[in-house]
Amino acid sequence: MGTLRLRGPEEKIIMTERSAAVFIQAWWRGTLVRRTLLHAALRAWIIQCWWRQVLEKLLAKRRRMVLEFYVQQEWAAVRLQSWVRMWCVRQRYCRLLNAVRIIQVYWRWHTCHSRGFIEGHYELKENQLDIQLEISLGSQACKVQQCIPLPLKE
């Protein structure tokens with residue numbers, strides 16, 4: 001096969017043709033293996049980068065959905081609170097309105113019985129005015145019904 005000799009301070013390798021061919025073939029195979037491993041590593045790295053992007057998009061989508069759900073719940077709570085507040089205010093307003101009406105009825109009754117009141121209706125027809133009045137002063141009452149002709153301007 002091949003022989004290897006070392007001479008003096010300078011090292012020289014002496015090979016035969018066969019051992020040189022084997023050496024070149026080994027080197028070439030090693031280069032091909034390293035190239036294949038490099039390509040495989042690059043492909044794996046590309047797939048990992050793509051997968052990280054997919055996971056990041058999924059995470060962003062999940063976050064957005066959770067945020068939208070939270071906002072929806074918050075708006076629902078705010079709307080419900082506003083409806084409850086509105087209902088409470090309306091209840092209070094209705095109670096106050098009822099109290100005002102009761103006070104007004106008693107005050108009008110008191111005013112009518114102590115001072116009297118005038119109640120009436122009128123109707124305007126072509127050239128006359130029909131009036132119906134009811135005047136009440138305490139226990140006395142008077143009804144007046146009259147038809148008044150109106151002057152026409154020509």
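Is C142 buried, partly exposed or exposed? C142 is partly exposed, at a relative accessible area of 38%. The views below come from a predicted model.

**View 1. Two cysteines in a structure with zero disulfides.**
C142 has a relative accessible area of 38%. Buried would require a value under 20%, and exposed a value over 50%, so C142 falls in between as partly exposed. C147 gets the label partly exposed too, with a relative accessibility of 42%. Strand β3 spans residues 140-149. The number of disulfides in the structure is zero.

**View 2. An open sheet is built from three strands.**
The strand order is β1-β2-β3, and the pairing is antiparallel. β1 and β3 are the edge strands, each pairing on one side only. On average, neighbouring strands of the sheet are turned by 10° against each other, direction ignored. Strands of a sheet pair through backbone hydrogen bonds, in either a parallel or an antiparallel way.

**View 3. A hairpin links β1 and β2.**
Strand β1 covers residues 117-125, and strand β2 covers residues 128-137. Two residues make the connection between them. The two strands run antiparallel and share nine bridges. Among the bridge partners, L124 is matched with L129 of β2. Another such pair joins H121 to Q132 of β2.

**View 4. Q132 has bridge partners in both edge strands.**
Towards β1, the partner of Q132 is H121. Towards β3, the partner of Q132 is Q145. β2 and β3 pair in the antiparallel sense, with 10 bridges between them. In a regular strand, side chains alternate between the two faces of the sheet.

**View 5. Strand β3 lies largely in the open.**
How many of the 10 residues of β3 are buried? The number is zero, so the strand lies largely in the open. β3 is also an edge strand, pairing on one side only.

**View 6. Six residues form a nonpolar surface patch.**
The patch is made by M15, F23, I24, W27, W28 and L32. Its area is about 650 Å². L32 sits in helix α1, which spans residues 17-114. What is the accessibility of L32? Its relative accessible area is 34%, and L32 is partly exposed. Patch residues need over 30% relative accessible area, so L32 passes that cut-off.

Note on methods
Residues numbered from 1 in each chain as written. Predicted model: local features only at pLDDT ≥ 70, side-chain atom pairs only at ≥ 80, totals over all residues. Heavy atoms only, no water. Disulfide = S-S within 2.5 Å. Buried < 20%, exposed > 50% of the residue type's maximum accessible area, 1.4 Å probe, protein only. Pairing = 2+ DSSP bridges. Helix = DSSP H or I, 4+ residues; strand = E, 2+ residues; numbered from the N terminus. Axes fitted to C-alpha atoms, helices over the stretch in contact; angles between N-to-C directions. Patch = residues over 30% accessible without salt bridge, like charges linked within 9 Å, V, L, I, M, F, W, Y side chains within 5 Å. Areas by Shrake-Rupley, 256 points an atom, 1.4 Å probe, with all protein chains shown as cover. Salt bridge = Lys/Arg side-chain N within 4 Å of Asp/Glu carboxyl O.
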